[in-house]
Amino acid sequence: MTVYDLDRLRAAVSARLPERRLAHVLSVERQMTYLAQLLLPQEMLRLRAAALLHDIAKDIPDEQQPALCDALGISLTPAERATPPILHARSGAVIAARDFPAFTDPEILRAIALHTTGASGMTLFERMLMAADFSEPRRQWERCQSVRQKIMQIPRTAPLAQRRRLFDRAFLYMLEVKYDYIATTGTVWNEDTQQMLAYYRRKFAQK
Ligand SMILES: [Fe+2]
């Protein structure tokens, strides 16, 4: 993928998304550019492509998402089926593969599929999309601001290993605040989520 390809992708996505969604998506792309420079510069273009595509299915109404997933051949657990607001990530990955095959690959698609809920064993690339989406500067919610602050506090001159360690801690903090909110509102809280939190606490809490 070249910078020119990325410009073509941005133009194609811009033509498809309503103004408000596009403003968010472009803000996620900018936040991703910052994160990529900080953590994974060699993947800059693929990371930005993932950011541009991550909400490609978000403007399809939630109530249509379960049937859309069925039509796209995505198998849903009962918990997923009962939580339409998270399904745009699953349908988005399949639509991105279908409509933008030149810009996607398995890791980009998995990053899109997991960007709302997360999962155990995500790669740094996949975790970066989840963090860029949650921490983009247009989000004014106090919990998003606190994650953004933790990311912005990572010293750009620190050694790469240390920058990644600090990001891992910020990522764990993001999961905690995300799921604290979800638990209090009762949206999704199933065994998978708890297992995932336990996985990242083991992996990142001590770092
Ligand atoms: Fe998003």
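Which residues of helix α7 (residues 106–114) are buried? In this predicted model, the buried residues of α7 are I108, A111, I112 and A113. The elements that cover these buried positions of α7 include α3 (44–53), α6 (87–99) and α8 (124–135).

Of these covering elements, α3 was examined further. Within α3, the buried residues are R46, L47, R48, A49, A50, A51, L52 and L53; because eight of the 10 residues of α3 are buried, this helix is largely enclosed by the rest of the structure. The surroundings of α3 are formed by several helices, since its buried residues pack against α1 (3–16), α2, α6, α7 and α8. Helix α7 thus appears among the partners of the buried residues of α3, just as α3 appears among the elements that cover the buried residues of α7.

The packing of α3 against helix α2 (residues 19–39) can be described in geometric terms, the two helices meeting at an angle of about 155° with their axes 8 Å apart. As angles over 145 degrees count as roughly antiparallel, α2 and α3 are therefore roughly antiparallel to each other, and their crossing is right-handed. On the side of α2, the contact is made by V25, V28, E29, M32, T33 and A36, whereas α3 contributes M44, L47, R48, A51 and L52. By character, the residues of this contact between α2 and α3 divide into eight nonpolar, one polar and two charged. Among the contact residues of α3, L47, R48, A51 and L52 also belong to the buried set of that helix.

Technical notes:
Residues are numbered from 1 along each chain as its sequence is written. This is a predicted model: local features need pLDDT of at least 70, side-chain atom pairs count only at pLDDT 80 or more; totals for chains, interfaces and linings use all residues. A residue is buried if 20 or more other C-beta atoms lie within 10 Å of its own, exposed if 12 or fewer, and partly exposed in between; C-beta atoms are placed from the backbone. Helices (H or I, at least four residues) and strands (E, at least two) are DSSP runs, numbered from the N terminus. Two residues are in contact if their C-beta atoms, placed from the backbone, lie within 7 Å. Axes are lines fitted to C-alpha atoms, for helices over the stretch in contact, and angles run from 0 to 180 degrees between N-to-C directions. Angles under 35 degrees count as roughly parallel, over 145 as roughly antiparallel, 65 to 115 as roughly perpendicular and the rest as oblique. A crossing is left-handed if the near helix is turned anticlockwise from the far one by less than a right angle, and right-handed if clockwise. Ala, Val, Leu, Ile, Met, Phe, Trp, Tyr, Cys and Pro count as nonpolar, Asp, Glu, Lys and Arg as charged, and the others, Gly among them, as polar.
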